[in-house]
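Dear colleague,

I am passing on the structure below, and after it you will find some notes on what came out of going through it. Please read them alongside the coordinates.

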Amino acid sequence: MNISIIIPVYNASQYLHECLDSVLSQTFDGDYEVIAVNDGSTDNSLEICREYASKYPKFVVLTGENAGVSAARNKALDVAKGDWLVFVDADDMLMPDALTTLYERERVTGADMVLANAVKLIDNKVTQPFLKLTEETLPNAICHIKHFALWSYLIPAKTVKQNNIRFVEGLAYSEDRIFIYQLAKYCQTIAYTTTPVYQYRINPTSACQSKDGVRKARHHFLAAYHLHQIAATYQSVDKGIFNHLTHEANHVIDLGIYMFLQQMQKIKQLCEVKTEYDRLFGTSMEWNIRFYKYVVFDFMTIQRRRLITFKK
C-alpha cells in the first residue's frame with residue numbers, strides 16, 4: 001500500500017464530514033487507506049467515522065477511551081500498512097491533489113521526507129499559502145525543518161517503524177515537533193514543494209485556542225525537555241546539530257512562557273510554572289537566568305503589543 005492517512009478524532013463532528021470528504025476526493029491513482037482514531041468522543045464523531053467505514057473499504061476505524069492526540073496517533077501507527085504516512089487533523093481538509101503532489105514530489109526527488117505548502121481557512125475564507133518554501137531538496141534534513149506541525153508532510157513509514165518513533169503520550173502541545181525531529185534524525189534529505197496540499201482551519205475550540213496558560217507552559221516545558229534529550233545525542237558527534245536542536249528546545253521553553261503570560265491571572269500561577277520548570281531542568285544559575293530572562297522579555301513584548309492594539 002502506498003499511503004496511510006492518519007486522522008485522530010475527538011469531538012470533531014462539526015467539521016468531520018468535510019475532512020473525510022476531502023480525503024475521499026483525492027485524485028491519487030495509487031492505493032491508500034484512511035485510519036480514523038476516535039479518542040473517546042462524546043459527540044457523534046464515532047458514528048460518522050463508522051458511517052464512512054461502512055461505505056468505503058479504504059476506511060479503518062479505531063476507538064477507545066480519551067487518552068489524547070498522541071495516544072490516538074500511536075494507535076494508528078501500530079496498524080498502518082502504507083509505505084508512507086500522511087497526518088490530517090479532523091477539523092482540517094486536504095486539497096484534492098494533496099496525495100498526488102506529495103507522492104510525486106518524493107518520486108521525482110528521492111527524498112527521505114517531503115514538506116508541501118498549506119493555506120489557512122479563516123471563517124471559510126482561504127488565505128494565500130503561508131509557509132516560506134522553495135522547490136528544492138536539501139541534505140541534513142534535521143537542520144532544515146521549516147514547519148512544526150505534522151500536516152503537509154509525507155513521512156516514511158519504514159523509518160518510523162524501524163526506529164520505533166512514537167508520540168509522547170499525554171503531551172498536547174509541541175508533540176508534533178518532537179516526532180518530526182525524531183524522524184528527521186534518520187532522514188538524510190528533505191524535499192520542499194511550494195504547492196499547497198492542506199487547509200488548516202483556525203478553530204476557536206481547538207487545543208491551540210485554550211485559555212489554560214499553566215497547562216500550555218507545562219506541556220511546552222516537557223516538549224523542550226524531550227528536545228534537549230534528542231540534542232544530547234549529538235553533543236559529542238555533531239556540534240552544529242547539537243546547537244541547532246538546543247536552540248529549538250529553548251525556543252519551545254520561551255514559547256511556553258509567552259503563552260502562559262498571555263493567560264496569567266494570578267502571580268501564584270507563575271510559581272506553579274516555575275516549579276514545573278525546575279523539576280525538568282534543575283535550579284542551576286544558568287537555568288534560572290534563562291527562565292527569568294524569558295519572563296521579563298515576554299512580559300514586555302505582550303504589554304507593548306497590547307498598547308499598540310489599544311492605540312489602534
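Helix H6, which spans residues 175–184, is largely enclosed by the rest of the structure, because nine of its 10 residues are buried. Please keep in mind throughout that this is a predicted model. The buried residues of H6 include charged ones at its start, namely Glu-175, Asp-176 and Arg-177, and they continue with Ile-178, Phe-179, Ile-180, Tyr-181, Leu-183 and Ala-184. Glu-175 and Asp-176 also belong to a network of salt bridges, in which they are linked with Arg-73 and Asp-89.

In the structure as a whole there are 13 salt bridges, and three further pairs within helices deserve a description.

In helix H4 (residues 98–109), Arg-107 and Glu-104 are three residues apart, which means that about one helical turn separates them. Their side chains meet in a salt bridge with an N to O distance of 2.8 Å. Arg-107 counts as exposed, because its relative accessibility is 54%, whereas Glu-104, at 30%, counts as partly exposed.

In helix H9 (residues 267–281), Asp-278 and Lys-274 are four residues apart, again about one helical turn, and the closest N and O atoms of their salt bridge are 2.6 Å apart. Lys-274 has a relative accessible area of 10% and is therefore buried.

In helix H10 (residues 285–311), Glu-286 and Arg-290 lie four residues apart, about one turn of the helix, and they form a salt bridge whose closest N and O atoms are 3.6 Å apart. The two partners fall on opposite sides of the classification, since Glu-286 is exposed at 53% relative accessibility while Arg-290 is buried at 16%. As background to these spacings, an α-helix has 3.6 residues a turn, so residues three or four places apart point the same way.

Finally, there is a residue in a strand that you may wish to look at. Ala-191 is part of strand S10, which covers residues 189–201, and it counts as buried because its relative accessibility is 0%. Apart from its neighbours within four places in sequence, Ala-191 is in contact with Arg-105, Thr-109, Ala-111, Met-113, Val-114, Leu-115, Glu-136 and Thr-137. The C-alpha atom of Ala-191 is also separated by 8.4 Å from that of Ala-116, although their positions lie 75 residues apart along the chain.

With best regards

Terms used: Residues are numbered from 1 along each chain as its sequence is written. This is a predicted model: local features need pLDDT of at least 70, side-chain atom pairs count only at pLDDT 80 or more; totals for chains, interfaces and linings use all residues. Side-chain values use heavy atoms; hydrogens and water are left out. Helices (H or I, at least four residues) and strands (E, at least two) are DSSP runs, numbered from the N terminus. Buried means under 20% relative accessible area, exposed over 50%, partly exposed in between (1.4 Å probe, protein chains only). Contact means heavy atoms within 4.5 Å. A salt bridge is a side-chain nitrogen of Lys or Arg within 4 Å of a carboxyl oxygen of Asp or Glu.
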